[in-house]
Structure formats: C-alpha cells, structure tokens
Amino acid sequence: MNGAHRVLIAADKFKGSLTAVQVAERVTAGLRRVVPGLEVEAMPVADGGDGTVDAAVAAGFERRVVRVAGPLGDEVTAAFALSGDTAVVEMAEASGLQRLPAGVFAPLTASTYGSGELLRAALDAGARTIVFGVGGSATTDGGAGMLTALGARFLDADGEPVEPGGGSLGDLATADLTGLDPRLDSVELVLASDVDNPLTGPKGAPAVYGPQKGASPDDVETLDVALAHFAKVLGESVGPEAAEHAAAPGAGAAGGIGYGALLLGARFRPGIEVMLDVLGFAPALERATLVITGEGSLDEQTLHGKAPAGVAAAARAADKEVVAVCGRLALAPEALGRAGIRRAYPLTEAEPDVAKCIADAGPILERVAERIAEDFLG
C-alpha cells in the first residue's frame, strides 16, 4: 500500500517546542513506524515571522551569516538565505523579541537598524529579489532604524539625528531619503507578512502589538502619536504617497517596519503565499497524495494568514486532502473544514498534560503521526 501514497509535510514550527524542521522529522518517523518505506517529502514552511530563514535553508537556500545591530544596538549574529539572486531576509533575525535579554522589553527605544543592515548584506550578496519576512519584532519604530541603516537621515530641530526607537520620532523635524542605497531602485522587494494592520490608530502597530512588546498604555499612546508624526514629516519630505503608505495594509506589520518597507517600494503579499512560491510548493503538492500541515496552536489567528491556512488553501485548490498537527486545538471541526483541513490532531489528545506536551513534544508528535498513518494511510 505504501507505494500508492506520497506524503508532503508542510508544517510551521511549534513555537517554544519544535522547529519546523523538527516537526517534519518527528512526523516522518511516526508515519514510517506504521508504513515502513513510505514516501515522504518534507517542506518546512513559515509565514514571514521567525523561522522564515530556516524554512528557506531547509528548501536548499544557502545560509549567510552576518554581524548586525540588535534591537538595543549591541551586535548580534544574524542570518539570511540566498539562492541565486533571490534572498530571504527575516527581520526577527536582527530585530526580533528573541534578541532581547530574558525579561527585558524596550518598547520606546528598540530599533530596526540591524534589519536595514541585513537588507544591505543581501544587496551586497547580489540579490535582485528580496523576500522581506517581518514578524516577531521587538520594535515599534516604523522602520526608521532600518531606513537609517540604508542611508536615510532623520533629524530633530537642532539638526541632530533623532535617538533610536519609536518613542523619539516625536522629535523628528526633517526627513531625508535622498541618501538611500541606490541599489534599492533595481531590486524587487516583497514585504511578506501575516498581518495587514495600518501604521497607527486603533488597529495600528502600537495599539495592537505594542503591549506584547512591553508597552504600557502610556507607551502605546506615545508611540502612536510619534509614528503619526513620523508619517506626517515624511509626507512633507517625500510627498503624499508617504501618508498613503501609512494607511496601507501591512504598514503596521512588525512595529511599523512594513511602513518603512513600503517607502522603499516594497510590494505587500501574505507571508505564507510568498514563502510557498519561494520554496517550490506547487510542484511538491502535485506529487503528494496527502498533505500534513500544522503549527503550535491552531486557533482563530491561524485562519488569518498563518502558514497552515495558506498550505490548506493551496492544497484544496489542487484537490489534495489535508490534515493538521498542532500542540493545542482551539478550532471547531466546521472551522477546520472551511479552511480546507479534513482533521486536526493536537498533542493534547495523546497527552492531556500541557506541560508534558511542551516538554516532550517530539515523542508525542511521533505518536500522533502514527495515528494519522493508521487513519489515512492504512
């Protein structure tokens, strides 16, 4: 029977427990315990947030390592992925929450400067197409740090550079983008994100995501006013399109770095769609008889542009059956069905103790995969 089946595993990470690569390895092991010799193709996926570079490397991209500024200005080692003249750059590698010391937040002062350095490194490596995955940021600076690293100048009333971080943008008097790296004009920059928030306002970056980065209600208000001022000054310097970009979907992604990317001429696309294209998902899907996707938590957020929803939508369009693995399941069967997922297998079904599920996710996931093999490959 195993000759009749070919399984494609296209799952995201189980955050805090397993990388996307480890998820694929564990699912493969469990499936083959029931169906020895089963043909399995692993394609770890990501939606633009942390893990995006790892997914590209797993698909055959080369990992390039560089030293850049972290969100607090200290130097960190970050990576991007390169294949030919296509680069995958993940802002979280330089400016992500994981780059902050444990328990430390810096909502007003964290900067995206290192993300700009990563983009510059991709240009130096000869990239002509850059997929810029944004998410998981420690920052709310509207991309000001990134733009500065690429040659922009943001000055206060005394003609001095404004301090790093979103909180200082309220002091901005003039913005000058004429010094931006000229190579940006001849590069296709794709903003890959799973959120479509505008820059400011009730659904903007500070209000929606600021609290996750340690922002108090006062900080949120400070950041919202500062980012609105940032966009206003840019509108005066660059033209009305700067104000239009602030209201565009994706401008509020990753603390507003989406806004900075749009100013660079980026095209916004849902992160998982971009990554499926880059990873060569369509031909792999054609070869598969069953698709297994998943992530740590299958919930309402999953349905709004997260990796499993993107995988399921593409698989459904190709008339392929999809099941999902997850740490916890918070979606009803009808919601899963509407997303194109036939059935979900949470770790908590095999092990009700959530703490054990997190600590022993790998072995439990193998047991879950055995059940999938029994249910779908028998």
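Start by selecting G133, which stands opposite A192 in β9. The model on screen is a predicted one.

**Around β9**

G133 faces this strand, so to speak, from the sheet region to visit next: select residues 129–133, strand β6, and residues 188–193, strand β9. β6 and β9 pair in the parallel sense, over 5 bridges. Colour β9 by burial and 5 of its 6 residues come up as buried, leaving the strand mostly covered.

Now add residues 267–270, which form strand β10. This strand runs parallel to β9, and 4 bridges join the two. A192, already selected, stands opposite R269 in β10. A192 is thus a handy residue to centre on, with G133 as one partner and R269 in β10 as another.

**Back through β6 to β5**

Return to β6 and select residues 86–90, strand β5. β5 and β6 run parallel and are joined by 5 bridges. To find the register, look at A87, which stands opposite I130 in β6. Is β5 enclosed or open? It is largely enclosed by the rest of the structure, because 4 of its 5 residues are buried.

Extend the selection to residues 75–83, strand β4. Here the pairing with β5 is antiparallel, over 3 bridges. A87 appears again, as the bridge partner of L82. Between β4 and β5 the hairpin has 2 residues, and G84 takes a positive phi near 60° there.

**The nonpolar cores**

Keep I130 selected and add F132, L147, F154, F230, L234 and Y259. These residues touch the most other members of the largest nonpolar core, which has 56 residues. Helix α9, residues 253–263, supplies the largest share of this core, with 7 residues.

Next, centre on F154 and show its surroundings. Leaving aside neighbours within four places in sequence, F154 is in contact with residues including A144, L147, T148, E160, P161 and V162. Further along the chain, its contacts include L172, T174, A175, L177, F230 and L234.

Another core, of 36 residues, lies apart from the largest one. To find it, select A10, F281, L285 and V311, which are among its members.

**Last stop: H5**

Select H5, in the segment before β1, the strand at 6–9. Is H5 buried or exposed? H5 is buried, because its relative accessible area of 17% falls under the 20% cut-off. What does H5 touch? Show L38, E39, T289, F376 and L377, the residues it touches when those up to four places away in sequence are not counted.

Key
Residues are numbered from 1 along each chain as its sequence is written. This is a predicted model: local features need pLDDT of at least 70, side-chain atom pairs count only at pLDDT 80 or more; totals for chains, interfaces and linings use all residues. Side-chain values use heavy atoms; hydrogens and water are left out. Buried means under 20% relative accessible area, exposed over 50%, partly exposed in between (1.4 Å probe, protein chains only). Contact means heavy atoms within 4.5 Å. Two strands pair if DSSP finds at least two bridges between them. A nonpolar core is a set of buried Ala, Val, Leu, Ile, Met, Phe, Trp, Tyr and Cys residues joined through side-chain atoms within 4.5 Å.
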